[in-house]
Each structure stands twice: as structure tokens, then as C-alpha cells.
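Have your viewer ready and your selection tool at hand. We will take this one stop at a time, with something to select at each.

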Amino acid sequence: MTRAGEAEAYFAAGVQRLDAGDPDGAESELRRALELQPGSAETQYKLANACKELGKLAEAERHYRGTLALDPGRAEAHNNLGATLQLMERPDAAQASYGRAIALKPELPQPYLNLGRLLQQQGKNDAALACYAQALERGVEPEMFQHLFDAARGERTAQAPPAYVRATFDGLARQFDRHLVDTLDYHIPEMLSNAVRALSPPVQMDILDLGCGTGLCGEHMRDLARHLVGVDLAPNMLEMARGRACYHELVCAEIGGYLSAREGSSFDLVVAADVLIYIGDIKEVFSEVTRVLRPLGWFAFSIEQPSQTCESYRLEASGRYAQSLAYVRELAGTHGLAECSCSNVAIRKHGAQVLPGQLLVLKKC
Ligand SMILES: C[S@@+](CC[C@H](N)C(=O)[O-])C[C@H]1O[C@@H](n2cnc3c(N)ncnc32)[C@H](O)[C@@H]1O
């Protein structure tokens, strides 16, 4: 095989491994490809992505800069360099990189998203609003940027648009579990599973996992299930859940649509771990969950605590919703759901902060 042919073979294997969620394997294939063909911007770019996924940030930065020396107009490399610099706590340099990515490819959503979020983190809300407004003016992912714009402006909408949720989680799916452990210290699925077990449930339940994501609840509750159904509207998250091989059914659907299409009295337990943060007005969810639960069935879920006092729910600047405990308790009362347990928990880390919230288990009377 020629040197170029060999480089191509390593490159193809590296990209395949990267796409399959194996950045470790990808890194070694791509390094070989780059040794054989040091002038390939594409190879160096993919190698930088693998290093970023592996958390090798200094190396990722070096390879993004190498890529851009070879191909200065590559907007995606500027964006990913920005994200790397942000992780390295160099916000000014990150901001400049996002700006370059936007100037080079104004139709690319990710740099507006990254820049807006960075500006919000820095408390520069007006600048973040201007960034989201620019994306909207240019017709880039209108549903997504309208939601972020509304959140940054303190508006209260009823629910995050499905396109926003899908774009957010499809993009995150491959790094989701690692991100949860490494940066977010997230343990809600395990805690919800423990809260349910504390009530001595029967084994062999029919369980519905709403917004199942990569399947962490499934993993923690599979031994309690006769039949386990996961529902999520992000196909890449469902793909990761499929890899855990613990669900009997995985359905790509919006929660409201899925619930309303189900027959009544179908489940013994409905779980929603860190999902109601994408649905502010949860009245309909409560009605439908109550309907699909069998008598004495449980609804176990988490809520994030509002950052300011509110009667029912609010859309936080983060783009997530938070419900007040009083609102949830009122809904439980009107739907005939008795409170079996309620505990204050740390939902996850958000930068240096810990986000407080509650875990509740309700029982259909
Ligand atoms: C923060 S993740 C939590 C995933 C999982 N429950 C866990 O605890 O690891 C939220 C998940 O809910 C899904 N989701 C949010 N809103 C949804 C909706 N309206 N319909 C279906 N899925 C939704 C997202 O796609 C994402 O996978």
C-alpha cells in the first residue's frame, strides 16, 4: 500500500471509532494517519476532536491550532477550539474563537449557542440576548434560539420546543454519561431508584421511563421490571440507551404525545429523572401519568428548585424550567396522588454551584 493509502486507511478507521464513541481508539488511529500525512487538516481536526473528547485539552488546542494553520477558514475548528479554551478557563480567548466561527459560517448554530451560554455565565445577559437575536435574524435554528432568547429575557413559556431538546441532547449523547460523572456529579437515577426501593415495591413491575436519555434509570431499575419502556425524543440518546440492553421497548416520541396514545392503567411505575426541567407546565403530564398508572402505581420524579420564589413554575436563564414544591403538591392533590416521599437533593453541579431540587414519589390512590 502507498503511504497515502495507508494514511487514508488509518484515517477511515479513526473516524469510524470516533463516530462509534471510542475516542481512545480513534486517537491512536488518527495519530498514525497524521504521522503519515502531516499536511492533512482533516486528520488533524479529527484528532483534535478525539483529544477534546478524552479531556486532553492542551493537545486538543494544539491540534485545533494546527488545523487552522493549514485551513484558516474552517469554522467548526474555531468553534471547537473555543469550546476547548472555555474548558481550560480562558473565556476571552474562547469568545474570540466563537466570534471567528460565526463570521466564517453564520449559518452554523453551535458557535451562537456556545457564545451565548458563555456570555450568560459571565453575567453579560444583554450581550447573550444580542447573540441569540443575531441567530434568530439569520434564521438559524429558530425554535432553539427563540427558547434561549425567552429564557435569557425572563419570559415564561410552557415547555421547551422539541427541536431545542433534540438538538441539545443529540449533540451531547456520546459524551453524556462521562459529562454527568466528570462535571455534573449527577446521581438522580440512582437516588430515584433508592427512593422507590425504600417503599418495598413488588419486583416485576411494568415501568415507563419518561425522557430516558442514555438509559441510566433503566440500568438502576432493570431488576424491578417485568417490562421496561423508555421514551425520548432525541434519537442519539435512545441509541446509547439501546446499548445498555435493559429496555424491552425504546420509543422515539415526545412525552405528551406518547402518554396520550397509551391505554389507561398500563404501568406500575412511571419515572421522570431530570426531565420535567424541559416541561414547565406539567399539568397535562400529571393528568396523563395518572391515567396510565394502575391503581396503587407510583410516579417517581425530580424537580429543580426555582432560583426565585414562584407560585408554579419558571423558565430559568439556563433554558431549564423549575417548579415550586407547592405547585407540584397542588397538582398531586388534584390528581389523587398521595405523597409517599419527598427529599431535598443536589440535582447536579452548575459551574461552582450545586443546583438544589427535590425527589418525589407519589402513589395513585
Ligand atoms: C437531562 S436528560 C435526563 C436523561 C435521563 N432521564 C437521566 O436521568 O439520565 C433529559 C432527557 O429528557 C429528554 N426529553 C426532554 N424533554 C422531552 C420531551 N418533551 N419528550 C421526550 N423526551 C424529552 C431529552 O431528550 C433528554 O434525553
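Which helices each supply at least two residues of the shell around the ligand? Select 162–172, 188–197 and 216–221 in this predicted model: these are α10, α12 and α13, and each of them gives at least two residues to that shell.

Stay with the ligand and show the 20 residues around it. Gly211, Gly213, Ala234, Ala273 and Tyr278 are the ones that come nearest. Colour the shell by class and you get 15 nonpolar, two polar and three charged residues.

Now zoom out and colour the protein chain by domain: domain 1 covers 3–154 and domain 2 covers 173–364. Their C-alpha centres are 32 Å apart. Where the two meet, nine residues of domain 1 are in contact with eight residues of domain 2. On the domain 1 side, the elements that give two or more residues are α7 (109–121) and α9 (142–153). Of these, α9 has the largest share, with five residues. That side of domain 1 holds three nonpolar, four polar and two charged residues.

For the last stop, keep α7 and add α6, residues 91–104. The two helices pack at about 150 degrees, and their axes are 9 Å apart. Angles over 145 degrees count as roughly antiparallel, so that is how α6 and α7 run relative to each other. The crossing is left-handed. To see the contact, show side chains including Tyr98 and Ile102 of α6 and Tyr112 and Leu115 of α7. By class, this contact has nine nonpolar and two polar residues, with no charged ones.

Note on methods: Residues are numbered from 1 along each chain as its sequence is written. This is a predicted model: local features need pLDDT of at least 70, side-chain atom pairs count only at pLDDT 80 or more; totals for chains, interfaces and linings use all residues. A residue is near a molecule or strand if its C-beta atom, placed from the backbone, lies within 6 Å of it. Helices (H or I, at least four residues) and strands (E, at least two) are DSSP runs, numbered from the N terminus. Ala, Val, Leu, Ile, Met, Phe, Trp, Tyr, Cys and Pro count as nonpolar, Asp, Glu, Lys and Arg as charged, and the others, Gly among them, as polar. Domain bounds come from an automatic or database domain assignment. Two residues are in contact if their C-beta atoms, placed from the backbone, lie within 7 Å. Axes are lines fitted to C-alpha atoms, for helices over the stretch in contact, and angles run from 0 to 180 degrees between N-to-C directions. Angles under 35 degrees count as roughly parallel, over 145 as roughly antiparallel, 65 to 115 as roughly perpendicular and the rest as oblique. A crossing is left-handed if the near helix is turned anticlockwise from the far one by less than a right angle, and right-handed if clockwise.
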